[in-house]
Amino acid sequence: MFAIGVLIVLAALVLWAIASYNHLVGMRNQVLNGWRQIDVQLKRRHDLIPNLVNAVRGSMDFERDTLTSVMEARAKALTASGPADAAQKEGQLSQALGRLLAVAENYPTLKSNDSVKMLQEELSGTENKVGFARQFYNDIATRFNTAQQVFPATLVASSLGFKPAELFEITEQADRDVPVVDLSRK
Amino acid sequence: MLAFVAFLVFLGFGFDTFYMGMSGGYVPVGSVVALGVGSVSALTSYFHGDRAVLLAAGAQPLADVAASATDADKLKLRQLDNIVDEMAIAAGLPRPRVYVVPDPDPNAFATGRDPAHASLAVTRGLIDALDREELQGVVAHEMSHIRNLDVRVMTVVAALVGGVALLSDWARRGMMWGGGSRRRDDDRRDGGGVAGIVLFVLWLIAVMLAPLIAQALAMLVSRKREFLADASGAELTRNPIGLADALEKIESAVAPTRAINRGSAHLCIADPLGRPVNAREGFWSDLFASHPPMSARIAALKEMAFEDGRRR
């Protein structure tokens with residue numbers, strides 16, 4: 001009688017371990033997919049930038065340095081290696097783009113140009129997509145980490161080889177600051 | 001939801017006991033038929049409901065509308081396209097198909113049985129009236145309906161309401177025609193005693209009120225899901241004010257959305273019929289409004305924004 005009881009408890013434990021393992025594997029794949037989504041959106045952004053810069057170049061001769069800083073930031077972001085490096089360089093690119101979009105507001109010819117407006121929409125859309133892809137990644141990574149760390153899953157998670165996922169954070173102090181845009185130049 | 005099923009079973013049970021009575025024996029004919037009819041109508045609307053709703057609203061695919069648009073218009077449509085992409089990414093769902101309904105009143109709805117078969121439709125008026133942030137809020141609200149499987153929930157609810165209405169209709173017809181069987185019931189109830197009579201009276205009242213009660217329960221579910229979609233929409237955009245502003249604009253355009261009919265009202269962001277019952281608070285609105293009062297929704301969203309601001 002006692003032996004049967006022990007067997008039942010053991011079987012229940014094994015079933016529970018299998019279930020939580022499968023659950024964690026599913027979540028880990030979601031997290032990986034979320035991470036790749038960010039890459040997809042970043043790639044889109046890199047492809048869009050040359051078009052935008054070419055479209056505004058003619059009307060924004062005075063803003064040479066704004067335009068070159070965008071192109072330089074893009075070139076740097078393309079060569080980024082590893083998540084931390086990428087996060088920093090993409091952050092700088094975001095800042096340069098934000099500056100360009102803000103400065104472009106000062107040019108009436110640009111503001112009324114439909115193709116430029118379309119490009120601006122594309123660009124702010126892409127910026128948003130990058131942001132939302134990160135938000136989604138952080139959401140599911142947090143859920144994944146919580147699932148590993150709560151009791152009793154925490155008993156099996158580490159022995160089954162699960163590691164907490166890294167959250168996407170802004171590491172540079174400069175990136176945390178609100179970008180300063182100088183609107184006095186015309 | 002459980003209350004619903006219980007109510008349906010109670011109706012079916014009474015139908016069996018009092019009409020089929022002796023002749024029906026132990027087979028619950030009424031319940032089985034009601035369940036069968038309910039399932040068929042539920043399955044049909046489950047698999048084809050989205051197409052029917054879109055067709056009825058005269059919705060056109062976004063790509064078709066964009067192909068024949070002016071340049072300024074193309075920009076707005078492109079914006080909508082991007083916003084849907086953004087919200088699909090934020091929700092981690094596949095991109096739904098996007099439709100435009102040619103109606104000047106601002107409104108939007110989502111349909112489809114699961115995220116992989118979802119469609120999202122916005123009216124012309126919504127695209128024209130809202131700015132980017134507001135449009136994002138509305139799309140996030142609809143995306144939340146898709147993510148929370150609200151279309152499925154409301155399809156089941158609608159099928160149950162239909163089942164209840166059908167059953168109570170049959171019961172009333174049966175009462176008019178069933179003189180003969182009632183005499184047999186009387187004979188039997190002599191043995192049944194007071195309990196049988198009490199149950200019969202209760203059941204009679206339930207039959208009379210059935211369609212009303214079913215409707216009230218359905219609307220209760222609908223209002224809960226609206227609040228939920230507002231909240232999880234704000235969770236997607238992290239910007240409750242965008243949706244709050246959009247709701248204010250939608251509310252100020254009081255004209256009913258003609259293109260969207262009564263059957264799909266619960267899928268819309270705002271009641272397309274412009275019924276005054278949805279604007280008020282109080283007993284009757286609590287019973288029969290498909291949407292919570294706009295002011296309550298806007299207040300809830302603003303509260304979220306306030307909490308958000310304090311945490312930072």
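Two strands count as paired if DSSP finds at least two bridges between them. By that criterion β1(B) and strand β2 (residues 97-101) of chain B are paired, in the antiparallel sense and over 2 bridges. The model described here is predicted.

**The sheet of chain B**

Chain B has 12 helices and 4 strands. Its open sheet of 4 strands has the order β1-β2-β4-β3, with mixed pairing. The edge strands, each pairing on one side only, are β1 (60-61) and β3 (108-111) of chain B.

The strand pairs are as follows.

| Strand pair | Sense | Bridges |
|---|---|---|
| β1(B) and β2(B) | antiparallel | 2 bridges |
| β2(B) and β4(B) | parallel | 5 bridges |
| β3(B) and β4(B) | antiparallel | 4 bridges |

Strands of a sheet pair through backbone hydrogen bonds, either parallel or antiparallel. Between β1(B) and β2(B), Gln60(B) stands opposite Val100(B), and Pro61(B) stands opposite Tyr99(B). Tyr99(B) also stands opposite Ala121(B) in β4(B). On the other side of β4(B), in its pairing with β3(B), Val122(B) is the bridge partner of Ala108(B).

Burial can be followed along two of these strands. In β2(B), 4 of the 5 residues are buried, and the strand is mostly covered. In β3(B), Ala108(B) and Ala110(B) point one way, Phe109(B) and Thr111(B) point the other way, and all are buried. In a regular strand the side chains alternate between the two faces of the sheet. Helix α6 (residues 132-147) of chain B lies across β3 and β4 (119-123) of chain B, and runs at about 25 degrees to β3(B).

For chain B as a whole, buried residues make up 41% of the 312 residues. Among its contacts with a separation of 6 or more, 70% are between residues 24 or more positions apart.

**Helix α9 of chain B and the residue after it**

Helix α9 of chain B covers residues 194-237, which is 44 residues. At 1.5 Å a residue it should span 64 Å, and its end C-alpha atoms are 60 Å apart, so the two values agree. The helix nevertheless bends by about 60 degrees at Leu209(B), with a proline, Pro211(B), following within four residues.

Val201(B) is found in α9 of chain B. Val201(B) has 10 other C-beta atoms within 10 Å and is therefore exposed, the limit for that class being 12 or fewer. The C-alpha atoms of Val201(B) and Ile83(B) are separated by 56 Å, and the two residues are 118 residues apart along the chain.

α9(B) is followed by Arg238(B), which is placed in the loop between α9 and α10 (240-252) of chain B. Arg238(B) is not a glycine, yet its phi is positive, at about 55 degrees. Arg238(B) is partly exposed because it has 15 other C-beta atoms within 10 Å, a count that falls between the limits of 12 or fewer for exposed and 20 or more for buried.

Leu149(B) gives a second case of a positive phi, about 60 degrees, in a residue that is not a glycine. Leu149(B) lies in the loop between α6 and α7 (150-177) of chain B. With 15 other C-beta atoms within 10 Å, Leu149(B) is partly exposed.

**Chain A and its contact with chain B**

In the contact between the chains, 14 residues of chain A meet 11 residues of chain B. On the chain A side, the elements that give two or more residues are α1 (2-57) and α5 (114-149) of chain A. The largest share, 12 residues, comes from α5(A). By type, the residues on this side of chain A divide into 5 nonpolar, 5 polar and 4 charged.

Arg36(A) has its place in helix α1 of chain A. Arg36(A) counts as exposed because it has 11 C-beta neighbours inside 10 Å. Arg36(A) and Tyr137(A) are 101 residues apart in sequence, and their C-alpha atoms are 9.3 Å apart in space.

Chain A also has a cis peptide bond, from Phe151(A) to Pro152(A), with omega near 5 degrees. Pro152(A) is found in the loop between α5 and α6 (153-157) of chain A.

Methods: Residues numbered from 1 in each chain as written. Chains lettered and ligands numbered in written order. Predicted model: local features only at pLDDT ≥ 70, side-chain atom pairs only at ≥ 80, totals over all residues. Expected span 1.5 Å × (residues − 1). Bend = angle between axes of the 7 residues up to and from the residue. Contact = placed C-beta atoms within 7 Å. Nonpolar A, V, L, I, M, F, W, Y, C, P; charged D, E, K, R; others polar. Axes fitted to C-alpha atoms, helices over the stretch in contact; angles between N-to-C directions.
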